[in-house]
Amino acid sequence: RGGVTEPFPEKLHRMLHYAHTENLTDIVSFFPHGRAFAIHKASMFVSRIMPNFFRQTRLTSFQRQLNLYGFKRIGTGPDTGGYY
């Protein structure tokens, strides 16, 4: 039967940890304070990282999933463009 084997927030955290340990933080990373993350290179994120963790194939689908789980996009300040 189909079901969620790993909830999206856990998968997201695992993906961010992977990006950190594999030195892919130029593509996606937590901010230094650790309270938010940002996608720095969208096209590389979609082609190199997303397929390893998510079924989505488009950045807009990934962003919609973030919105469904209550993540907010930062619109102003030094963390503009990030999600928390």
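**Exercise 1. The order of elements**

In what order do the elements of the chain run from the N terminus on?

*Solution.* Start with the count: this predicted model has three helices and two strands in its chain. Next, walk along the chain from the N terminus, and the elements come as α-β-β-α-α. Now pin down the places you will need later. Helix 1 covers residues 8–21, strand 1 covers 28–30 and strand 2 covers 37–39. Helix 2 takes in residues 42–53, and helix 3 spans 59–68.

**Exercise 2. Overall dimensions**

Compare the radius of gyration of the chain with that of a compact globule, then describe its extent and surface.

*Solution.* Step one is the expected value: for 84 residues, a compact globule would have a radius of gyration near 12 Å. Step two is the value for this chain, 13 Å, which agrees. Step three adds the extent, since the C-alpha trace spans about 45 × 25 × 20 Å along its principal axes.

Then turn to the surface. The accessible area of the chain comes to about 5700 Å², and carbon and sulfur atoms hold 51% of that area. Of the 84 residues, 37% are buried. To finish, look at sequence separation in the contacts: among those between residues at least 6 apart, 34% join residues at least 24 apart.

**Exercise 3. Charges**

How many positive and negative side chains does the chain have, and how far apart are the centres of the two sets?

*Solution.* Count each sign separately: there are 11 positive side chains and 5 negative ones. Then take the centre of each set; the two centres lie 10 Å apart.

**Exercise 4. An aromatic pair across the chain**

Classify the ring pair formed by F8 and Y69, and place both residues in the chain.

*Solution.* Begin with the search of the whole structure, which finds nine aromatic pairs. For F8 and Y69, the ring centres are 5.4 Å apart and the planes meet at 25°. Planes under 30 degrees apart count as stacked, so this pair is stacked. Now locate the partners: F8 sits in helix 1, while Y69 belongs to the segment after helix 3, 61 residues away, so the pair links distant parts of the chain.

Compare this with F53 and F54, whose ring centres are 6.4 Å apart with 50° between the planes, giving a tilted pair. F53 and F54 are both buried. As a last step, collect the linked rings: F8, Y18, F45, F53, F54, F62 and Y69 are joined by ring pairs into a cluster.

**Exercise 5. The surroundings of F8**

Is F8 buried or exposed, and which residues does F8 touch beyond four places in sequence?

*Solution.* The relative accessible area of F8 is 5%. The cut-off for buried is under 20%, so F8 is buried. By the same kind of check, Y69 has 42% and is partly exposed. Setting aside residues up to four places away, F8 touches F54, F62, Q65, L66 and Y69. Two further C-alpha distances help to map the region: F53, 45 residues from F8 in sequence, is 9.6 Å away in space, and G34, 26 residues from F8, is 18 Å away.

**Exercise 6. Four residues to place**

Find where N23, G34, A42 and T80 lie, and work out how accessible each one is.

*Solution.* Take them in sequence order.

- N23 is in the loop between helix 1 and strand 1. Its phi is near 55°, a positive value in a residue other than glycine. With 64% relative accessibility, N23 counts as exposed.
- G34 is in the loop between strand 1 and strand 2. At 45%, G34 is partly exposed.
- A42 lies in helix 2 and is partly exposed at 33%. The C-alpha atoms of A42 and V28 are 8.4 Å apart, with their positions 14 residues apart in sequence.
- T80 falls in the segment after helix 3 and is partly exposed at 45%. Beyond its neighbours within four places, T80 is in contact with I74 and G75. A38 is 42 residues from T80 along the chain, and their C-alpha atoms are 8.8 Å apart.

Terms used:
Residues are numbered from 1 along each chain as its sequence is written. This is a predicted model: local features need pLDDT of at least 70, side-chain atom pairs count only at pLDDT 80 or more; totals for chains, interfaces and linings use all residues. Side-chain values use heavy atoms; hydrogens and water are left out. Helices (H or I, at least four residues) and strands (E, at least two) are DSSP runs, numbered from the N terminus. The radius of gyration is taken over C-alpha atoms; the globule rule is 2.2 Å times the number of residues to the power 0.38. Buried means under 20% relative accessible area, exposed over 50%, partly exposed in between (1.4 Å probe, protein chains only). Contact means heavy atoms within 4.5 Å. Accessible areas come from the Shrake-Rupley method with a 1.4 Å probe; for residues, only the protein chains shown count as cover. Lys and Arg count as positive and Asp and Glu as negative; His and the chain ends are not counted. The place of a charge is taken as NZ of Lys, CZ of Arg, CG of Asp or CD of Glu. Rings of Phe, Tyr and Trp (its six-membered ring) pair if their centres lie within 6.5 Å; planes under 30 degrees apart count as stacked, over 60 as edge-to-face and the rest as tilted.
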